[in-house]
Amino acid sequence: MEVRIPVEPELSESESESEEEVTALSESEFSCHCCYQVLVDPTTLTCGHSFCRHCLANWWASALPRVRTDCPECRAVWTGFPKVNILLRDAVEKLFPAVVSRRKQAILSDPGFCRVLQAFQQQGKRQPPRAAPPQNPPQFNILNQPPFNMLNQPQFDMLNPLEFNIREFCSGISIVLCCMAMVVLMWRVYSTSTSHEVLLSKPLSRWSADDVTLWVEHLSVWTNQYKETFRREQINGRLLSALSDDDLSAAPFSIENQSHRQIILEERHRLRQHRVSLNLWQYKDLNLGKTLFLLLSLRRFPRLTMLCLFLFDYDDTFLPFIHTSCPAQTTQDSLTDTPLDWPSWSQWVEFLLMYFLLPYQLLSAFAWHWMSVHYWTARLVMLHAVLLSTLDVHFFWTLLKRGQMRTLPERVWQEVLAVKTDASVFVLLWRLIPLFFCNFIFYYSLCICPFNTAALVRRALLQTDTQQQRI
């Protein structure tokens with residue numbers, strides 16, 4: 001801990017001569033182990049060590065926004081709130097009156113020490129005194145237990161209102177939000193759409209043999225006699241697209257009814273022409289793994305994640321994303337059935353500018369496009385994007401101010417390795433993880449993480465204010 005020592009005026013010759021005798025005998029026995037000078041307002045902790053009052057206050061506030069309640073010498077945590085040792089204070093003031101007086105004037109003239117001492121004293125006033133335990137413990141009374149003790153609650157005092165604890169408030173909000181997320185998750189599990197409705201939101205080329213069998217089964221009652229043939233032949237979506245009337249009439253299908261073959265081909269033609277627009281919940285049901293990857297990776301590494309999407313998932317994910325977040329002047333709605341074109345130069349310029357400066361605002365623009373579909377979810381995503389942008393700007397500003405921009409690639413690489421190590425077990429056991437747990441991670445990342453990010457923003461800004469005050 002960096003110890004600040006107040007600047008003291010020089011001693012006069014008479015004072016120095018009178019104190020040399022006493023100092024040579026007992027000054028080391030009455031010195032503070034933080035500043036190594038004579039104790040001023042000595043405060044004794046529960047472990048037995050004594051320090052100057054302002055030194056202990058400076059140690060207490062050295063880890064803001066948190067406070068330190070351990071001994072600066074032995075690191076033992078004190079209980080209660082430290083008080084001034086009156087006996088030791090009187091002895092020191094009697095032995096070293098001039099030194100104590102001079103040090104008190106130097107402390108009072110330092111605004112930093114005054115501010116820390118004032119905060120330290122206010123913290124002591126907030127803690128109520130603890131009463132001694134009664135000699136005879138009270139007997140159990142049902143009237144003193146909730147909810148029967150509501151009439152015995154103390155009256156609200158307007159002159160001495162209760163102290164507002166922001167940490168307890170945030171903890172309560174987090175618990176309530178977790179409970180709400182669990183309720184919403186259970187509601188989504190029991191009120192979700194049928195597998196056939198989810199299947200219609202899936203592209204035909206990505207249908208499996210089970211999907212084709214389910215589709216044949218839901219066409220009509222008479223198609224149940226054909227579904228076993230489709231399952232036995234392992235007809236997937238690509239094979240279904242290639243089937244013709246002759247294929248259905250020949251073996252192994254052997255559908256002799258002309259109207260049956262015509263209905264199957266018409267429904268397949270309708271699936272080809274139909275291109276659906278997936279909302280967030282449908283996209284999660286169809287691509288749960290990719291959804292969790294995007295939620296977790298975009299929050300930690302937005303630039304690297306978008307680069308991976310550009311290199312490995314351009315058509316399905318990156319192209320709709322850039323057309324939605326950076327729309328062209330004369331572009332059609334992204335929900336139409338027409339294929340998306342190559343972005344224009346103006347779109348690329350806008351995207352690259354936001355990509356390097358404020359990548360989270362691209363997510364905010366994407367959420368703004370879906371405001372009419374997901375009103376509250378889109379607002380929560382935009383709020384989270386603003387908070388993450390604040391942390392991102394604060395991080396780069398701190399590196400720039402400290403002259404550590406050269407360490408950025410090393411920091412990013414270490415962070416990527418840490419995330420890979422944490423997620424390796426999750427990826428290896430992906431097939432064994434229950435769906436309920438995956439849904440919980442999804443809703444937690446979407447609804448609870450913004451509040452955790454808000455706490456990180458508050459902590460970062462408070463640390464910046466504290467450093468400026470110390471400077």
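# Exercises on a predicted model

The structure, which is a predicted model, holds ten salt bridges. The exercises below take up some of these pairs and then turn to helices, strands and burial.

## Exercise 1: A salt bridge between two helices

Task: Find which residue forms a salt bridge with K227, and state where the two partners lie.

Solution. Begin with the atoms: K227 forms a salt bridge with E217, and the closest N and O atoms of this pair are 3.7 Å apart, which is within the 4 Å cut-off for a salt bridge. Next, place the partners along the chain, where K227 belongs to helix 9 and E217 to helix 8, ten residues apart. Finally, consider their surroundings: K227 has a relative accessible area of 18% and is buried, because buried means under 20%, whereas E217, at 32% relative accessibility, counts as partly exposed.

## Exercise 2: How helix 8 and helix 9 pack

Task: Describe how the axes of helix 8 and helix 9 cross, and say which residues meet between them.

Solution. Two packed helices are described by the angle between their axes and the distance between the axes. For helix 8 (residues 209–217) and helix 9 (residues 224–232), the axes come within 8 Å and cross at roughly 170 degrees. Since angles over 145 degrees count as roughly antiparallel, helix 8 and helix 9 are therefore roughly antiparallel to each other. The contact itself brings V212, T213, V216 and E217 of helix 8 against N224, K227, F230 and R231 of helix 9. Sorted by kind, the residues of this contact are three nonpolar, two polar and three charged.

## Exercise 3: Two salt bridges that start from helix 14

Task: Work out which parts of the chain are tied together by the salt bridge of K290 and by that of R300.

Solution. Take K290 to begin with: its side chain meets that of D313 in a salt bridge with an N to O distance of 2.9 Å. K290 lies in helix 14 (residues 288–300), while D313 lies in the loop between helix 15 (302–312) and helix 16 (314–325), so the pair ties together parts that are 23 residues apart in sequence. In terms of exposure, K290 counts as partly exposed at 27% relative accessibility, and D313 counts as buried at 15%.

Now take R300, which forms a salt bridge with E415, the closest N and O atoms being 2.1 Å apart. R300 is in helix 14 and E415 is in helix 20 (residues 408–428), so this pair ties together parts that are 115 residues apart in sequence. R300 is partly exposed, with a relative accessible area of 39%, and E415 also counts as partly exposed, at 32% relative accessibility. To complete the picture of charged pairs, salt bridges that share partners join D41, E93 and K104 into one network.

## Exercise 4: The order of the strands

Task: State in what order the three strands form their sheet, and which of them are the edge strands.

Solution. The three strands form an open sheet in the order 2-1-3, with antiparallel pairing. The edge strands are strand 2 (50–51) and strand 3 (83–84), each of which pairs on one side only. Looking at one of the pairings in detail, strand 1 (residues 43–44) pairs with strand 2 in the antiparallel sense over two bridges, and in one of these places T44 has S50 of strand 2 as its bridge partner.

The residue S50 appears again in the contacts of L88, a residue of helix 3 (residues 86–95). Leaving out residues up to four places away in sequence, L88 touches F30, L39, P42 and S50. The C-alpha atoms of L88 and P42 are separated by 6.7 Å, although the two residues are 46 residues apart along the chain.

## Exercise 5: Burial in helix 2 and helix 18

Task: Determine which residues are buried in helix 2 and in helix 18, and what covers those of helix 18.

Solution. For the whole protein, 33% of the 471 residues count as buried. In helix 2 (residues 53–60), eight of the eight residues are buried, so this helix is largely enclosed by the rest of the structure; the residues are R53, H54, C55, L56, A57, N58, W59 and W60. In helix 18 (residues 360–369), the buried residues are Y360, L362, L363, S364 and A367. What covers them includes helix 14, helix 15, helix 16, helix 17 (345–357) and helix 19 (375–402).

How values were computed: Residues numbered from 1 in each chain as written. Predicted model: local features only at pLDDT ≥ 70, side-chain atom pairs only at ≥ 80, totals over all residues. Heavy atoms only, no water. Axes fitted to C-alpha atoms, helices over the stretch in contact; angles between N-to-C directions. Helix = DSSP H or I, 4+ residues; strand = E, 2+ residues; numbered from the N terminus. Parallel < 35°, antiparallel > 145°, perpendicular 65-115°, else oblique. Contact = heavy atoms within 4.5 Å. Nonpolar A, V, L, I, M, F, W, Y, C, P; charged D, E, K, R; others polar. Buried < 20%, exposed > 50% of the residue type's maximum accessible area, 1.4 Å probe, protein only. Pairing = 2+ DSSP bridges.
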